[in-house]
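Please open the model in your viewer and keep the sequence panel beside it, since each stop on this tour is a selection followed by a short account of what is to be found there.

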2 protein chains.
Amino acid sequence: MDAEDLADLIDVPEPIAARVTIRDVAREAGVSISTASKALNDQGRMTPETRDRIRTVAQTLGFTPNAMARALVSQRSFTIGLLTNDTYGRFTLPVAAGLAGAMVDRGVSVFLCALEDDPERARINLRAMQEKCVDGLIVAGKRIDRRPPLDLARLPMPVVHVNSAAAESDIAFVPDDFGGAKAAVAHLIALGRRRIAHVTGPDSFAAVALRAEGWRDALGEADLPCFGVAERGDWSEAFGFAVGCRLIMAPSADRPDAVFCGNDQIARGLIDALTLHGIRVPDDLAVVGYDNWEIFAAATRPPLTSVDMALTELGRIAGAALLDLVGGTRVEPGIRRMPCRLVVRQSCGAPAN
Amino acid sequence: MDAEDLADLIDVPEPIAARVTIRDVAREAGVSISTASKALNDQGRMTPETRDRIRTVAQTLGFTPNAMARALVSQRSFTIGLLTNDTYGRFTLPVAAGLAGAMVDRGVSVFLCALEDDPERARINLRAMQEKCVDGLIVAGKRIDRRPPLDLARLPMPVVHVNSAAAESDIAFVPDDFGGAKAAVAHLIALGRRRIAHVTGPDSFAAVALRAEGWRDALGEADLPCFGVAERGDWSEAFGFAVGCRLIMAPSADRPDAVFCGNDQIARGLIDALTLHGIRVPDDLAVVGYDNWEIFAAATRPPLTSVDMALTELGRIAGAALLDLVGGTRVEPGIRRMPCRLVVRQSCGAPAN
DNA sequence: CTGAAAGCGCTTACAG
DNA sequence: CTGAAAGCGCTTACAG
């Protein structure tokens, strides 16, 4: 009985075909390893024939360069880490998609690290990213006034923050809450609304203050008064619904003709309450939300006009900035507030376009 | 003017402190590199004093092993790739969270690859994963009857599929749609409902057939007839709403006393329509959804009882299976249908627990 | 118990 | 134009 028969009997794990290396390519092409390397990387000078022959051989053999070996000598791993606190949430998701999409085109792969708001988990993930020699780090949060529990000091690689609190000495990209809110309210004013209320989330969020400011500013520029004060509660449908029920109690002359909501859930709850009591949206009262949580905003009856924070774009831009840093390009520190975009549907009463 | 002054003037990028390597640790501890390596990896035998001294030195110097160098010799990178078609969606998200959480504890990092349903992007990502020498791959989809546009043949590393179509020769984990549906309907029956309808998504989804089968099976076991046929439409609130409006037209004797919905959005639309027309949920009509899309189900009025596909668990289990494969443990091929879990809220009329 | 040497798969000066 | 050599940061037989 020879070795092969034996292998059949004892079910030896099939020997995975040894990966083809640059050494195999060189041998097959009849050149040295250095020449093969140069041909494959378009470096140095050689006759086009040699280069082509080597490339063809590599192709035929199914050669895939080993990125780890390459990283070891070039000191660039072409990987980055995405540290996020919001793995379940809808904020990091588009950021991650934008980031990953932009990176893959540049040959960079993204490690996903779920922090779960747990300092210990954060520490472990950070250490893993160092061991794996990532070229840089994106730290993504779910709100602009908190940062993930990470000790980023004395890190050997550049860091870019997204949708998270940051110091002036950091490099950070966040949505422009003030601008987004202002544009939404200006749009309502342009549509002829005059009594515009604001119903929004808890005071503890910096975004709440910024959006309220945008609301006030837009009204001020149009010489309109604020309709009451910005009303604050949870970021929930339940809160929106409760406010809606309260509005119904008021004599209609005391009611706003539009409400700018701090997020889509509040807007949805509000609209549902109004609809349930026969107040027509947008005819009697226009509503605008915030977040443009697509699947949600589009399903509201009527579909919700909402401010989109362009998070995918944010991820893309943050990634580009990080690669600039990695490449040695200087990036001015500071917190960049990136423009939001108003997505017009029907709840604001704009004519269909 | 010496070099330092010059550096100040021309703004040379601050030389990043050279990373401390095992060679630095060895020198500082007065041992050879091999001894340092063995001490740090708990290999070989040496006096505890030597081992401790080396470890202390490593600690003090802030030594972080270079995972790429290690991978090069051990042929294990301690990375895996997550290839997904659903970067924006809510299916892969919990899968990714469960996977990343389980992996980090075992020292494995996860690359996030967004396929975007684009074969070219898929190809690029797959190649990147090969170059980066991942130990294995998780392929996650958004439905159990389609697979991402990937050519997985002749891949040098193991692959595990999650929530995606797979061959019998693959290793795959999917939610048990039949079982989840059956449990939901059985629950309604146990609560005394007898006229249970089913409103669900498009015929083209395998999950639709499986869930309808579960509905039929639960009714059959209780000797109850199906209430009409499984009604199929979009996976949307709008469809649920339309069905709700139709139900209202029917004389109440011809109405179901419960509706099992194929997803939460349909359930939500249905409930909203019923509520708008004065039919009380759950008193007049009980509703159960599918997906347990938390933020959505909990906000429905009344909060929605729904089937949870345990996707986080699915991600965790798939990761564990993949690591088994990587470690050489044999894993039986086949498609595993993992149990779903009914999350009881108020829309089904169960007593508060 | 400890260390010198070879090697993982590449790239990059440097000779020829 | 091409190749031999050194080296990236580790681990692992193998000597001593």
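Begin by selecting strand S2 (109-114) in chain A together with strand S2 (residues 109-114) of chain B: in this predicted model the two strands run antiparallel and are joined by three bridges. Within that pairing, Phe111(A) stands opposite Phe111(B) in S2(B). Keep Phe111(A) highlighted for the next step, because what relates the two chains can be followed from there: a turn of 180° with a shift of 0.0 Å along the axis lays chain A on chain B with an RMSD of 0.0 Å, and the two copies are thus related as by a two-fold rotation axis. Of the residues of chain A, Phe111(A) comes closest to that rotation axis, with its C-alpha at 2.2 Å.

**The interface between the chains**

Now widen the selection to every residue of chain A in contact with chain B, which gives 44 residues of chain A against 44 residues of chain B. The elements that contribute two or more residues to this side of chain A are H5, helix H6 (92-104), strand S2 (109-114), helix H7 (119-131), helix H10 (237-249) and helix H11 (264-276). Which of these elements gives the largest share to the side of chain A that touches chain B? That is H6(A), with seven residues. Coloured by residue class, the side of chain A that touches chain B divides into 28 nonpolar, eleven polar and five charged residues. If you then select the interface of chain B, you will find that 100% of the interface residues of chain A are also interface residues in chain B, so the copies meet through the same surface.

**The DNA strands**

Next, show DNA strand C and select the 28 residues that surround it, of which Ile22(A), Ser37(A), Ala69(A), Ser34(B) and Met46(B) are the closest. Helix H2 (22-29), H3 and H5 of chain A, together with H3 and H5 of chain B, are the elements that give two or more residues to this surface. The residues of the surface near DNA strand C comprise ten nonpolar, 13 polar and five charged.

Move to DNA strand D, where there are 27 residues to select and where Ser34(A), Met46(A), Ile22(B), Ser37(B) and Ala69(B) come nearest. Here the elements that give two or more residues are helix H3 (33-41) and helix H5 (67-74) of chain A, along with helix H3 (33-41) and helix H5 (67-74) of chain B. The surface near DNA strand D divides into ten nonpolar, 13 polar and four charged residues.

While H3(A) is still on screen, select Asp42(A), which is placed in the loop between H3 and helix H4 (48-61) of chain A. Phi of Asp42(A) is near 60°, a positive value in a residue other than glycine.

**Domains and sheets**

Colour chain A by its domain assignment, which gives domain 1 (3-65), domain 2 (77-175 + 311-339) and domain 3 (177-308). A distance drawn between the centres of domain 1 and domain 3 of chain A, taken over C-alpha atoms, comes to 63 Å.

Then select the open sheet of six strands in chain A, whose order is S7-S6-S8-S9-S10-S12 and whose pairing is mixed. Strand S7 (231-232) and strand S12 (341-343) of chain A stand at the edges with a single partner strand each, so one side of each is left without a neighbour in the sheet. The partner of S12(A) is strand S10 (residues 305-308) of chain A, to which S12(A) is joined by three antiparallel bridges, and Leu342(A) in S12(A) is the bridge partner of Val307(A).

In chain B, select strand S3 (residues 136-140) and strand S4 (residues 159-162), which run parallel and are joined by four bridges, with Val139(B) and His161(B) as bridge partners. S4(B) also pairs in the parallel sense with strand S5 (residues 171-175) of chain B over two bridges, and there Val162(B) stands opposite Phe173(B).

**Cis peptide bonds and a region for caution**

Two peptide bonds deserve a selection: the bond from Val281(A) to Pro282(A) is cis, with omega near 5°, and Pro282(A) has its place in the loop between H11 and strand S9 (286-290) of chain A. In chain B, a cis peptide bond joins Arg301(B) and Pro302(B) with omega about -5°, and Pro302(B) lies in the loop between helix H12 (294-297) and strand S10 (305-308).

Finally, colour chain A by pLDDT: the mean is 91, and 95% of the residues reach 70 or more. Over residues 1-15 of chain A, however, pLDDT stays under 50, and for these residues the model has three contacts beyond four places in sequence. Where pLDDT is low, the predicted coordinates should not be read in detail.

Notes. Residues are numbered from 1 along each chain as its sequence is written. Chains are lettered from A and ligands numbered from 1 in the order in which they are written. This is a predicted model: local features need pLDDT of at least 70, side-chain atom pairs count only at pLDDT 80 or more; totals for chains, interfaces and linings use all residues. A residue is near a molecule or strand if its C-beta atom, placed from the backbone, lies within 6 Å of it. Ala, Val, Leu, Ile, Met, Phe, Trp, Tyr, Cys and Pro count as nonpolar, Asp, Glu, Lys and Arg as charged, and the others, Gly among them, as polar. Domain bounds come from an automatic or database domain assignment. Two residues are in contact if their C-beta atoms, placed from the backbone, lie within 7 Å. Two strands pair if DSSP finds at least two bridges between them. Copies are superposed by least squares on the C-alpha atoms of residues with pLDDT of at least 70 in both. pLDDT is the predictor's confidence in each residue, from 0 to 100.
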